[in-house]
Amino acid sequence: MNRRTTALSAAVALAAALALTGCSSEDGGPELKVSGAFMPQPVMDMAGGFLTITNSGDTADKLTSVTSGISDDVQIHETKNQKMQRVDSFDIPANGELKLERGGSHIMFMGLKKQPKQGEKVAIELHFEKAGPIKVELPVEAPNHNPKQH
């Protein structure tokens with residue numbers, strides 16, 4: 001019985017040590033915050049989404065996908081040579097940011113299930129390679145809204 005108790009104590013101690021190690025490794029992970037989110041009021045059955053993801057952590061991450069109840073086909077796009085193209089992910093550097101903005105990289109909502117109107121909000125969920133998902137509400141702005149001009 002003594003051996004069993006000693007073995008059990010050792011197993012518990014090992015599990016506790018591993019749990020603490022897991023916690024400390026997460027401390028240096030990505031620390032993501034979203035700001036400046038908006039969607040211009042769509043004029044067709046698709047819409048763009050724009051926001052900034054700031055990573056104040058010491059570890060880089062990637063935005064791998066976006067989901068929303070407003071569309072079953074939400075894509076992430078980059079604009080190169082004035083052409084939009086779908087990408088699998090966007091890098092979010094450690095102590096840096098990812099800007100999704102008009103004329104550049106952005107979220108694309110294809111085949112909208114409903115047309116959101118200015119003043120409403122569209123719920124989305126951002127998915128990352130390392131960090132947990134982040135839920136964001138995109139305020140619907142005027143079709144020509146561009147925060148750079150304000």
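**Exercise 1.** Determine whether His-106 counts as buried or exposed, and describe its surroundings.

*Solution.* His-106 counts as buried because its relative accessibility is 6%, where buried means under 20% relative accessible area and exposed over 50%, with partly exposed in between (1.4 Å probe, protein chains only). The model is predicted, so local features need pLDDT of at least 70 and side-chain atom pairs count only at pLDDT 80 or more, while totals for chains, interfaces and linings use all residues. Residues are numbered from 1 along each chain as its sequence is written, and side-chain values use heavy atoms, with hydrogens and water left out.

Next, place the residue: His-106 lies in strand β8 (residues 106-110), strands being DSSP runs of E with at least two residues, numbered from the N terminus. Its side chain reaches the backbone oxygen of Gly-104 at 2.8 Å. Finally, leaving aside residues up to four places away in sequence, His-106 touches several residues, among them Phe-50, His-77, Met-84 and Leu-100, a contact meaning heavy atoms within 4.5 Å.

**Exercise 2.** Which strand supplies the largest share of the lining of the largest pocket, and how does that lining divide by class?

*Solution.* Begin with the strands: β2 (47-55) and β8 each supply at least two residues of this lining, and the largest share, 3 residues, comes from β2. By class, the lining has 10 nonpolar, 6 polar and 1 charged residues, where Ala, Val, Leu, Ile, Met, Phe, Trp, Tyr, Cys and Pro count as nonpolar, Asp, Glu, Lys and Arg as charged, and the others, Gly among them, as polar.

Terms used
Helices (H or I, at least four residues) and strands (E, at least two) are DSSP runs, numbered from the N terminus. A polar contact is a pair of N or O atoms within 3.5 Å; within protein, one must be able to donate a hydrogen and the other to accept it, and residues adjacent in sequence count only if both atoms are side-chain atoms.
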